[in-house]
Amino acid sequence: MHILKLCIPLLLCVIALPVTIHAVEPDKQFTPFETEHVKVKTPGLFTNSNKFIIEFNRLGTNDWFFPVPGAKVISDYGKAGGRPSHTGIDIKTKANDTIYAAFRGTVRMAKPYSGYGNLVVIRHVNGLETVYSHNSKNLVKVGDMVRAGDPIGLMGRTGRATTDHLHFEVRINGEHINPHIIFNMKEQQLKKRCLECTKHASFIDVKPIDPIKPVAETSKPATAATKPVALSTKTQK
């Protein structure tokens, strides 16, 4: 992990947005509220448009990583058995197995947090945030720059947990979305497709769309509505 003291353009898919990540000291990068809470809006994410696109189909093998290779799902996303909505998925191998970053990004939060126990939140350059909790130990700190596949924690049962496992969430602008729309959990592979993310008044809708043609193949410049900028309390598998 590296902490860089420079400004880098936030590249989403193939078109650069007029947004910059200031990868400097942690206390200058994130506000105190951002380092203390899970549900946080991402500044600038929907400033220019109410939608953006993530082109997972363009990612190479080194651009993503399944958080716990070999893990099995023990509790799925959404409602089950009458209990409140589950905001992520629970996957399990064994105690103290290594947990890895799903994509490259910056650690926004790393601390014990209520029922989550030891938790890590990573803000990714593609517009997503991923959450990793119940860790026996966090291996990163706020402001650390991580790459896909970097170790970020060890599997545990801290917080409200009855067995050692990873509670894994995917969020957009603070709203949790179904991780199954991104990963094939059975095969532990990234679903390489385009996802259109649209902000509505009370939720963010995420749906698969046809791949975006390269810039050289398009006859007209992209508009604000079609620019790849990358999910929902309402998602489609």
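**Stop 1: paired strands**

Select strands β5 and β13 in this predicted model. The two pair in the antiparallel sense, over 3 bridges. To see one facing position, pick D90 and look across to β13, where H167 stands opposite.

Keep β5, residues 89-92, on screen and add β4, residues 72-75. These strands also run antiparallel, and 3 bridges join them. Which residue of β5 is the bridge partner of K72? Click on K92, and you have found that partner.

While you are looking at strands, here is a handy general idea: in a regular strand, side chains alternate between the two faces of the sheet.

**Stop 2: a salt bridge across the sequence**

Now show K51 and E196 as sticks. The two form a salt bridge, with the closest N and O atoms 3.9 Å apart. K51 belongs to strand β3 (residues 51-55) and E196 to strand β17 (residues 194-199), so this pair ties together parts that are 145 residues apart in sequence.

Are the two partners equally covered? Check each in turn. K51 has 22% relative accessibility, so K51 counts as partly exposed. E196, at 13%, counts as buried.

**Stop 3: a network of charges**

Next, select E129 and R123. Their side chains meet in a salt bridge, at 2.7 Å from N to O. Buried or exposed: what is E129? Its relative accessibility is 2%, so E129 counts as buried. R123 counts as buried too, with a value of 14%. Add E34 and R108 to your selection: salt bridges that share partners join E34, R108, R123 and E129 into one network.

Then move to K141 and D144. Here the side chains meet in another salt bridge, 3.2 Å from N to O. D144 is buried, because its relative accessible area is 6%. How many salt bridges does a search of the whole structure find? The count is 12.

**Stop 4: V146 and its partner from far along the chain**

Select V146, which sits in strand β11 (residues 145-146). With 3% relative accessibility, V146 counts as buried. Now add G105 and display the C-alpha atoms of both residues. G105 is 41 residues away from V146 along the chain, yet their C-alpha atoms are separated by 5.5 Å.

**Stop 5: aromatic rings**

Time to look at rings. A pair of aromatic rings is described by two things, the distance of the centres and the angle of the planes. In this structure the count comes to 9 aromatic pairs.

Show Y113 and Y116 for one example. Their ring centres are 5.8 Å apart and their planes meet at 40°; the pair is tilted, because that angle falls between the 30 degree limit for stacked and the 60 degree limit for edge-to-face. Y113 is partly exposed, with a relative accessible area of 21%. Y116 has 17% relative accessibility and counts as buried. The cut-off for buried is under 20%, which is why these two tyrosines get separate labels.

For a group of rings, select F56, W64, F66, F103, Y132, F168 and F183 together. These residues form one aromatic cluster.

**Stop 6: two loops with a positive phi**

Which value of phi does N173 have? Its phi is near 55°, a positive value in a residue other than glycine. You can find N173 in the loop between β13 (166-172) and β14 (175-177). N173 is buried, with a relative accessible area of 10%.

Now jump to Q188, in the loop between β15 (183-184) and β16 (189-190). Q188 is not a glycine either, and its phi is positive, at about 55°. Its relative accessible area is 15%, so Q188 is buried.

**Last stop: how confident is the model?**

Finish by colouring the chain by pLDDT. The average for the protein chain is 82, and 76% of the residues score at least 70. Where does pLDDT stay under 50? Select residues 1-28 for one such stretch; the model has 64 contacts there beyond four places in sequence. Then select residues 221-237, where pLDDT also stays under 50 and the model has 66 contacts of that kind.

Note on methods
Residues numbered from 1 in each chain as written. Predicted model: local features only at pLDDT ≥ 70, side-chain atom pairs only at ≥ 80, totals over all residues. Heavy atoms only, no water. pLDDT = per-residue confidence, 0-100. Contact = heavy atoms within 4.5 Å. Helix = DSSP H or I, 4+ residues; strand = E, 2+ residues; numbered from the N terminus. Buried < 20%, exposed > 50% of the residue type's maximum accessible area, 1.4 Å probe, protein only. Salt bridge = Lys/Arg side-chain N within 4 Å of Asp/Glu carboxyl O. Phe/Tyr/Trp six-rings, centres within 6.5 Å; stacked < 30°, edge-to-face > 60°. Pairing = 2+ DSSP bridges.
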